[in-house]
Each structure stands twice: as C-alpha cells, then as structure tokens.
Amino acid sequence: MARKTDPKQEVQLDLAEARGREVMETTLRAADARYDRATGRVTIDLTNGCVYAFPAQLVQDLNGATDDQLAAVEVDGLGFNLHWPTLDADLYVPALVSGVFGTRAWMMKELARHAGQATSPAKAAAARTNGAKGGRPRKVVHA
C-alpha cells in the first residue's frame with residue numbers, strides 16, 4: 001500500500017534534493033588521495049580535475065604520524081573527507097583546500113613558532129643592537 005505524503009513535505013524533499021545535487025556538483029571533493037613518503041606530502045585528486053598537495057606535518061591531526069600511518073589514507077564520505085584508520089583522524093577536504101590544517105589555537109601557535117624561527121637581515125641587526133646593549137634582561141625569579 002502506497003503511503004500518501006503531504007504536498008508541503010514533497011516540496012521540502014524536492015528542495016533538499018536540489019540543494020544536495022548543488023553541493024555535490026560545486027563543493028570540492030576528493031576522488032583519490034595518497035601519501036608520498038619521499039616528499040612527506042598528502043596528494044588529493046579532486047573531482048574537478050585539480051590536484052592539491054600539502055605537507056602532512058602541517059596538519060594538527062597528522063603531526064608526528066609515521067609514514068606507514070600516513071600511507072593508510074582513505075577517501076570517505078563521498079569524497080568530502082580523508083580518513084586515516086590507524087590514527088582515528090578525519091579531515092574535511094574543503095577545509096584542507098582552504099588551508100585550514102587544525103584548530104584556530106593550534107594554527108596560531110604553529111604560525112608563531114614558524115615566525116620565531118625565521119631569519120632576516122632586520123632581525124639579525126636588531127639582535128646585534130640588543131646584544132650591544134647587554135642583551136635581553138635577566139628574568140627575576142620571585143621566591
């Protein structure tokens with residue numbers, strides 16, 4: 001026996017299906033993914049024909065993983081996610097392609113760490129000037 005549906009529900013279902021088709025056609029998704037041990041990069045073949053690669057160690061959930069763990073990458077969720085079973089890690093492909101490699105707090109810490117390691121002629125000159133003045137003041141330890 002066929003079940004009768006409410007005309008309003010039919011309209012809502014049609015709209016939802018149309019939104020789903022639009023998302024599937026316009027959102028970047030993975031067709032394939034692999035880890036390259038030589039470069040340390042994860043490469044994603046996208047459904048639009050483009051290829052995107054990123055260093056695995058730049059990603060919060062992949063940082064510190066072994067080559068074998070990284071090589072176990074799987075495409076999941078109709079291509080919206082990359083999954084590493086041995087790491088219990090799932091990454092959202094559109095976010096990766098947008099350069100989101102972790103939480104906001106983690107990314108800020110990583111950016112600061114990389115900035116602190118940077119060298120430049122201006123930074124070297126400032127260090128020399130500071131050194132000529134006696135260097136950085138000693139920290140006072142209060143007991």
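In this predicted model, leucine 78 lies in the loop that runs between strand E4 (74-76) and E5. With a relative accessibility of 64%, leucine 78 counts as exposed. The backbone here deserves a second look: phi of leucine 78 is near 60 degrees, a positive value in a residue other than glycine. A second case is found at aspartate 88, where phi is near 50 degrees, again positive without the residue being glycine. Aspartate 88 belongs to the loop between E5 and E6, and its relative accessibility of 65% places it in the exposed class.

The backbone oxygen of leucine 78 also has a partner, for the side chain of arginine 29 reaches it at 2.9 Å. Arginine 29 is itself a loop residue, placed between helix H1 (7-26) and E1. Its relative accessibility is 14%, so arginine 29 counts as buried, the cut-off being under 20%. The charged end of arginine 29 sits over the ring of phenylalanine 80, at 5.8 Å from the ring centre.

Attention now turns to the interior. The largest nonpolar core has 20 residues, and those with the most contacts inside it are Val42, Ile44, Phe54, Leu62, Leu82 and Trp84. Two or more residues each come from strands E1 (30-36), E2 (41-46), E3 (51-55), E5 (81-84) and E6 (89-92), and from helix H3 (93-97). Leucine 82 gives a helpful view of these surroundings. Setting aside neighbours within four places in sequence, leucine 82 is in contact with residues including Ala30, Ala33, Val42, Ile44, Val73, Val75, Ala89, Leu91, Val93 and Leu96. Glu74 and Asp90 are also among the contacts of leucine 82.

Strand E3 can be followed in more detail. In a regular strand the side chains alternate between the two faces of the sheet. In E3, Tyr52 and Phe54 make up the covered face, while Val51, Ala53 and Pro55 make up the uncovered one. Tyrosine 52 and phenylalanine 54 are both buried. The structure holds one aromatic pair. Its rings, those of tyrosine 52 and phenylalanine 54, have centres 6.1 Å apart and planes at 35 degrees, so the pair is classed as tilted.

E3 runs antiparallel to E2, and five bridges join the two strands. Arginine 41 stands opposite proline 55 of E3. Together E2 and E3 form a hairpin with four residues between them. In the turn, glycine 49 has a positive phi of about 95 degrees.

Key:
Residues numbered from 1 in each chain as written. Predicted model: local features only at pLDDT ≥ 70, side-chain atom pairs only at ≥ 80, totals over all residues. Heavy atoms only, no water. Core = buried A, V, L, I, M, F, W, Y, C linked by side-chain atoms within 4.5 Å. Buried < 20%, exposed > 50% of the residue type's maximum accessible area, 1.4 Å probe, protein only. Contact = heavy atoms within 4.5 Å. Phe/Tyr/Trp six-rings, centres within 6.5 Å; stacked < 30°, edge-to-face > 60°. Lys NZ or Arg CZ within 6 Å of the ring centre and 35° of its normal. Pairing = 2+ DSSP bridges. Polar contact = N/O pair within 3.5 Å; in protein donor to acceptor, adjacent residues only side chain to side chain.
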